[in-house]
Amino acid sequence: MDGVLIDSEKVYRMCWLKNGLSIGIPENEMSKICDRMAGGTKKTNAHVMKEKMGEDFDYLAFRQRTVDMVEAYMNEHGVELKHGVIETLKTLKARGIKMAVATSTDRERAEDKLVRSGLLPYFDDVICGDEIERGKPYPDIYLKACEKLGTKPEETVGVEDSINGVTASHDAGLYTLMVIDLIQPDEETKKKADRISNDIFCLLYTSPSPRDYAA
């Protein structure tokens with residue numbers, strides 16, 4: 001959802017950096033931390049922050065300050081979509097393609113964003129981070145999405161912008177498309193992504209079989 005459908009990663013990044021500065025983390029260091037946390041869950045991201053700040057660091061309070069900053073920004077400026085999203089979703093819907101959102105965000109906030117952005121009607125289901133035991137980079141959320149849609153992983157395309165998300169989709173056995181947002185793929189991510197693109201339009205020309213797209 002964030003970074004693929006909704007242009008919110010830049011807002012999260014801005015707020016994470018500002019929040020990091022408030023506790024003495026320079027922007028360049030916080031930016032690297034953000035790359036590791038993107039697409040992750042509260043549990044995995046808490047581990048990343050505690051590596052930096054120590055085991056006693058109150059990550060949930062730190063996270064909540066960031067979430068509050070993001071919500072305040074979006075309430076003032078609205079929810080902005082990524083380029084080409086509406087056109088792509090309309091075309092896929094017209095083709096009869098089943099679609100689900102697989103997001104690490106909790107259901108309340110995820111559905112609020114999808115409703116406010118007008119995207120919810122395009123999707124057959126929404127699977128959220130607070131509904132699974134292990135979030136990204138584990139494959140569970142994509143396996144559950146396939147189960148909900150009634151599709152086989154090898155016949156399904158996972159669309160991601162984060163390293164954690166690419167790993168989750170790949171390990172679930174999906175054809176994995178990385179649409180670059182703020183994070184550039186590292187060498188390991190390039191190996192796991194079946195295709196890497198700069199915009200979502202390429203999804204209209206992507207087939208999950210055969211797996212013959214070069215990253």
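Here are a few notes on the predicted model, going from its aromatic rings and helix packing to a small sheet and a cis peptide bond.

1. Let's start with the aromatics. The structure has two aromatic pairs. In one of them, the ring centres of Trp 16 and Phe 62 sit 5.6 Å apart with the planes at 40°, so this pair counts as tilted. If you go looking for these two side chains on the surface, note that Trp 16 and Phe 62 are both buried.

2. What does that pair tie together? Trp 16 belongs to helix H1 (residues 9–22) and Phe 62 to helix H4 (residues 59–77), so the ring pair links parts that are 46 residues apart in sequence. Phe 57 joins in as well: ring pairs connect Trp 16, Phe 57 and Phe 62 into a cluster.

3. Now for the two helices themselves. The axes of H1 and H4 come within 9 Å and cross at roughly 130°, which means H1 is oblique to H4. The handedness of this crossing is right-handed.

4. Which residues make up the meeting of H1 and H4? On the H1 side they include Val 11, Tyr 12, Met 14 and Cys 15, along with Trp 16 from the ring pair. On the H4 side, Phe 62 is again among them, and so are Arg 63, Arg 65, Met 69 and Tyr 73. It's worth displaying these side chains together with the ring cluster of Trp 16, Phe 57 and Phe 62.

5. Further along the chain there is an open sheet of three strands, ordered S3-S4-S5 and paired in parallel. Strands S3 (157–160) and S5 (195–197) are at the edges with a single partner strand each, so one side of each has no neighbour in the sheet. On average, neighbouring strands here are turned by 20° against each other, ignoring direction.

6. A closer look at S4 and S5: strand S4 (residues 175–179) pairs with S5 in the parallel sense over three bridges. To find your place on screen, look for Leu 177, which stands opposite Arg 195 in S5.

7. The sheet also has a helix against it. Helix H8 (residues 163–171) lies across S3 and S4, and runs at about 165° to S4.

8. One last thing to check in the backbone: where is the cis peptide bond? It joins Lys 136 and Pro 137, with omega at about 15°. Pro 137 is found in the loop between strand S2 (125–128) and helix H7 (140–149).

Terms used:
Residues numbered from 1 in each chain as written. Predicted model: local features only at pLDDT ≥ 70, side-chain atom pairs only at ≥ 80, totals over all residues. Heavy atoms only, no water. Phe/Tyr/Trp six-rings, centres within 6.5 Å; stacked < 30°, edge-to-face > 60°. Helix = DSSP H or I, 4+ residues; strand = E, 2+ residues; numbered from the N terminus. Buried < 20%, exposed > 50% of the residue type's maximum accessible area, 1.4 Å probe, protein only. Pairing = 2+ DSSP bridges. Axes fitted to C-alpha atoms, helices over the stretch in contact; angles between N-to-C directions. Contact = heavy atoms within 4.5 Å. Parallel < 35°, antiparallel > 145°, perpendicular 65-115°, else oblique. Left-handed = near helix turned anticlockwise from the far one by under 90°.
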